[in-house]
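Q: Could you take me slowly through a single part of this protein, explaining each term as it comes up? I would like to see how that part is placed among its neighbours.

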Amino acid sequence: MADNPPPPPPNPYVAKRPTDKWRHRGVTYCRVFGQWECEMCGKKWDSGYTWVAIKKYEQNLDVSHFKNKKDRMYQRCSPCNKKNPNKHEAKLVSFKLLENNVKLVKGPGHIRNLCGKCNKGAICDRAKVGLKV
Ligand SMILES: [Zn+2]
Ligand SMILES: [Zn+2]
């Protein structure tokens, strides 16, 4: 680190729905809109079910602070996971507040077997149980 930027201003997370917060093993996560990239094949996608540690979110830290397992729930790349199941985690490229962004998510919807939170039994999109995912 060459220079010392001033600490970023705090950024309180306001949950719009009770389900926007999730507690797991002593860490509370909050739901945000994330952009992901697979470092193996370069595939990119957006997810309205991106979960980051609320403590770090509220410190307004940039995305480079959200690399570890406890700082964000992982997501996996669909094609790469087919080739090598459970062998990689995608990179969280950026994230922002969910509101107004969730409608912009394109693609097949939330893929539960590629999501760390869903894989722990806490299904993100439980409301849409009838959907094939
Ligand atoms: Zn990939
Ligand atoms: Zn999920």
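A: Let us begin with a pair of strands: β2 and β3 pair in the antiparallel sense over 8 bridges, where a strand is a DSSP run of E of at least two residues, a helix is a run of H or I of at least four residues, both are numbered from the N terminus, and two strands pair if DSSP finds at least two bridges between them. This is a predicted model, in which local features need pLDDT of at least 70 and side-chain atom pairs count only at pLDDT 80 or more, while totals for chains, interfaces and linings use all residues. Residues are numbered from 1 along each chain as its sequence is written, and chains are lettered from A and ligands numbered from 1 in the order in which they are written.

Within the pairing of β2 and β3, the bridge partner of G34 in β3 is S47. The two strands form a hairpin with 6 residues between them, and in that turn G42 has a positive phi of about 85 degrees. On the other hand, β2 also pairs with strand β1 (residues 21–24), again in the antiparallel sense, over 4 bridges, and here H24 has V27 of β2 as its bridge partner. β1 and β2 likewise form a hairpin, with 2 residues between them, and R25 in its turn has a positive phi of about 50 degrees.

A further partner of β2 is β4, which runs antiparallel to β2 and is joined to it by 5 bridges; in β4, K96 is the bridge partner of F33. To place these strands along the chain, it helps to know that the elements run β-β-β-α-α-β-α from the N terminus on.

Strand β4 covers residues 91–96 and includes S94, and L92 is found in β4 too. A residue counts as buried if 20 or more other C-beta atoms lie within 10 Å of its own, as exposed if 12 or fewer do, and as partly exposed in between, with C-beta atoms placed from the backbone. L92 is buried because 23 other C-beta atoms lie within 10 Å, whereas S94 is partly exposed because it has 15.

Two residues are in contact if their C-beta atoms, placed from the backbone, lie within 7 Å. Leaving aside neighbours within four places in sequence, L92 is in contact with G34, W36, T50, V63, F66 and R72, while S94, counted in that way, is in contact with Q35 and V63. The C-alpha atoms of L92 and S64 are 8.5 Å apart, although 28 residues separate them in sequence, and S94 and F66, also 28 residues apart along the chain, have C-alpha atoms separated by 9.5 Å.

These strands also supply residues to the largest nonpolar core, which has 24 residues, with Y29, C30, V32, V52 and C115 having the most contacts inside it; such a core is a set of buried Ala, Val, Leu, Ile, Met, Phe, Trp, Tyr and Cys residues joined through C-beta atoms within 7 Å. The elements giving two or more residues to this core are β2 (27–37), β3 (44–53), α1 (54–58) and β4.

Finally, some care is needed with pLDDT, the predictor's confidence in each residue, from 0 to 100. The chain averages 88, and 87% of the residues score at least 70, but pLDDT stays under 50 over residues 129–133. Where pLDDT is low, the predicted coordinates should not be read in detail.
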